[in-house]
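Hi there,

Here is the structure I promised to pass on. Have a look when you get a moment, and my notes follow below.

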Amino acid sequence: QVDSALLSLNAAIELDVTFLPPYLYAGSFCLQEDQYELAIKYLDVALKLDSKNKNALFYKGVALVELKRMTDGCRCLTKAFEAGADDAADYLKEHCYGMEDLAQAVDGLMALVVESSPLSVGSPIFLTSRSYKFKE
């Protein structure tokens, strides 16, 4: 069913590449089928057509979170929530809240390491959560 739906949506896209709904529907169908990378491709085009579309931001955020790309996913979900996508709140609560606390904890831990070692802030291995890339 999803394959035939995607074929129909792709046909609609070919008729008018600037018409937003087929990209949103294709993205949501791909999410339902756990095809997150493909969903992101459709949703990226939707966001190029309308960078503030709350549904495209929400769906893309969900896909990114499912792919464990938490920083980008939480950023999209936050934008979606701010744009009025109330469903984003649940994903934010479940997957994103606490990341700032984690960053602060890393900063605190690194400060302790620096205080108890001969390294200084100017040392090449001095890190903070802002310079350390969390695994996604």
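Let me begin with the disulfide: cysteine 74 is joined to cysteine 96, with an S to S distance of 2.0 Å. A disulfide here is a pair of cysteine sulfur atoms within 2.5 Å, and by this rule the count comes to one. The link ties together distant parts of the chain, with cysteine 74 in helix 5 (residues 70-82) and cysteine 96 in helix 6 (residues 88-96), 22 residues apart. Helices are DSSP runs of H or I with at least four residues, numbered from the N terminus. The link of cysteine 74 and cysteine 96 is left-handed, with -90° about the S-S bond.

A word on where this comes from: it is a predicted model, in which local features need pLDDT of at least 70 and side-chain atom pairs count only at pLDDT 80 or more, while totals for chains, interfaces and linings use all residues. Residues are numbered from 1 along each chain as its sequence is written, and side-chain values use heavy atoms, with hydrogens and water left out.

Both partners of the disulfide are buried: cysteine 74 has a relative accessibility of 8%, and cysteine 96 has 9%. Buried means under 20% relative accessible area, exposed means over 50%, and partly exposed lies in between (1.4 Å probe, protein chains only).

What about cysteine 76, and how far is its sulfur from the closest cysteine sulfur? That closest sulfur belongs to cysteine 74 and is 9.6 Å away, which is too far for a bond. Cysteine 76 is buried, at 11% relative accessibility. Cysteine 30 also counts as buried, at 0%.

Cysteine 76 turns up again around lysine 60, a residue of helix 4 (residues 54-66). Leaving aside neighbours within four places in sequence, lysine 60 is in contact (heavy atoms within 4.5 Å) with Ile40, Leu43, Asp44, Leu47 and Cys76. Is lysine 60 buried or exposed? Lysine 60 is buried, with a relative accessible area of 17%.

Finally, tyrosine 91 sits in helix 6 and is partly exposed, at 26% relative accessibility. With neighbours within four places in sequence again set aside, the contacts of tyrosine 91 are Phe58, Val62, Leu77 and Cys96, the last of these being one half of the disulfide. The C-alpha atoms of tyrosine 91 and valine 65 are 8.7 Å apart, although 26 residues separate the two along the chain.

Happy to talk any of this through.

Best wishes

Definitions and conventions. Helix = DSSP H or I, 4+ residues; strand = E, 2+ residues; numbered from the N terminus.
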